[in-house]
Amino acid sequence: MDNENEEVVQDTTYNFEVEMQKKIVALLFQDFTYLSTVGVELIKPSFFDNVYLQNICQWIISYYEQYHTKPTESVLLTELNNYTSKYAIPIVEQENFASVIRSLTTTVIEDAQYIKDQALDFAKSVAMRDAISKLVDMYDKTNDYEKAISIIDDALSVGAGTNLG
């Protein structure tokens, strides 16, 4: 049973190296066009297997959704302070967290198009897996073919019509 749960986690988190995952968050932070047109739809905090990146991603997306712009480093550090106060995070962890936030401004992303393509492929894969799972559950309960079509259409539309370049 543990292997089954591990497989589910691996299927819904990036299987990329941590440095690539950092670059995905750095893209959200540095590239407003990517954040506002694609990132909010495609990048989910739960996709990251690193708690720092999960939280930073959530803070970036939440800030964008509320203010329609990207947060500054200062905003992210304030969110970190709020988070560490709420959850009594040890000083060493706070410093590591802050270091990741500060690195977002200096991260050079020479392979941005590749990273965008990989993130898109992953999001499409997760959406299709989720749709298939919903369809299996729905099949056991109802014969609502219109709903089934809607679920498939939603999965197929992930990232559709976006220009990642």
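Visitor: What makes Q113 count as partly exposed?

Guide: The model here is a predicted one. In it, Q113 has a relative accessible area of 35%. Buried means under 20% and exposed means over 50%, with partly exposed in between. The value of 35% falls between those limits, so Q113 is called partly exposed.

Visitor: Where is Q113 found?

Guide: Q113 belongs to helix α7, which covers residues 112-141. Its C-alpha atom is separated by 21 Å from that of I56, and the two residues are 57 apart along the chain.

Visitor: How many helices and strands are there in the protein?

Guide: The protein has eight helices and zero strands. Read from the N terminus, the order of elements is α-α-α-α-α-α-α-α. The C-alpha trace spans about 55 × 40 × 30 Å along its principal axes.

Visitor: Why is T13 called buried?

Guide: The relative accessibility of T13 is 12%. The cut-off for buried is under 20%, so T13 at 12% counts as buried. T13 sits in the loop between α1 (2-12) and α2. Leaving aside residues up to four places away in sequence, T13 touches S46, F47, F48, D49 and F122.

Visitor: What share of the residues in the protein is buried?

Guide: Of the 165 residues, 36% are buried. The protein exposes about 9900 Å², and carbon and sulfur atoms supply 50% of that area.

Visitor: Why are α2 and α3 called roughly perpendicular?

Guide: The axes of helix α2 (residues 18-30) and helix α3 (residues 32-42) cross at roughly 105 degrees. Angles of 65 to 115 degrees count as roughly perpendicular, and therefore α2 and α3 are given that description. Their axes come within 5 Å. On the α2 side the contact is made by L27, L28 and Q30, and on the α3 side by F32, Y34, L35 and G39. By class, these residues divide into five nonpolar, two polar and no charged.

Visitor: What makes α5 roughly antiparallel to α6?

Guide: Helix α5 (residues 73-87) and helix α6 (residues 91-106) have axes that cross at roughly 165 degrees. An angle over 145 degrees counts as roughly antiparallel, so α5 is described as roughly antiparallel to α6. The two axes come within 10 Å, and α5 passes α6 in a right-handed crossing. From α5 the contact involves E73, L76, L77, L80, Y83 and T84, and from α6 it involves Q94, F97, A98, I101, R102, L104 and T105. This contact has eight nonpolar, three polar and two charged residues.

Visitor: Why are α4 and α6 called oblique to each other?

Guide: Helix α4 (residues 51-67) packs with α6 at an angle of about 55 degrees. Under 35 degrees would count as roughly parallel, and 65 to 115 as roughly perpendicular. The angle of about 55 degrees is in neither range, nor is it over 145, so α4 and α6 are oblique to each other. Their axes are 10 Å apart, and the crossing is right-handed. In α4, the residues V51, Y52, L53, N55, I56 and W59 meet E93, N96, F97, V100, I101 and L104 in α6. The residues of this contact divide into nine nonpolar, two polar and one charged.

Visitor: How do you know that H68 counts as exposed?

Guide: H68 has 55% relative accessibility. Exposed means over 50%, so H68 at 55% counts as exposed. H68 lies in the loop between α4 and α5.

Visitor: What is the phi of H68?

Guide: Phi of H68 is positive, about 60 degrees, although H68 is not a glycine. Most residues other than glycine have a negative phi.

Visitor: Why is A88 called exposed?

Guide: A88 has a relative accessibility of 63%. The cut-off for exposed is over 50%, and therefore A88 counts as exposed. A88 lies in the loop between α5 and α6. Its phi is near 50 degrees, a positive value in a residue other than glycine.

Visitor: What share of the contacts with a separation of 6 or more is made by residues 24 or more positions apart?

Guide: Such residues account for 73% of those contacts in the protein.

Technical notes. Residues are numbered from 1 along each chain as its sequence is written. This is a predicted model: local features need pLDDT of at least 70, side-chain atom pairs count only at pLDDT 80 or more; totals for chains, interfaces and linings use all residues. Side-chain values use heavy atoms; hydrogens and water are left out. Axes are lines fitted to C-alpha atoms, for helices over the stretch in contact, and angles run from 0 to 180 degrees between N-to-C directions. Helices (H or I, at least four residues) and strands (E, at least two) are DSSP runs, numbered from the N terminus. Contact means heavy atoms within 4.5 Å. Ala, Val, Leu, Ile, Met, Phe, Trp, Tyr, Cys and Pro count as nonpolar, Asp, Glu, Lys and Arg as charged, and the others, Gly among them, as polar. A crossing is left-handed if the near helix is turned anticlockwise from the far one by less than a right angle, and right-handed if clockwise. Buried means under 20% relative accessible area, exposed over 50%, partly exposed in between (1.4 Å probe, protein chains only). Accessible areas come from the Shrake-Rupley method with a 1.4 Å probe; for residues, only the protein chains shown count as cover.
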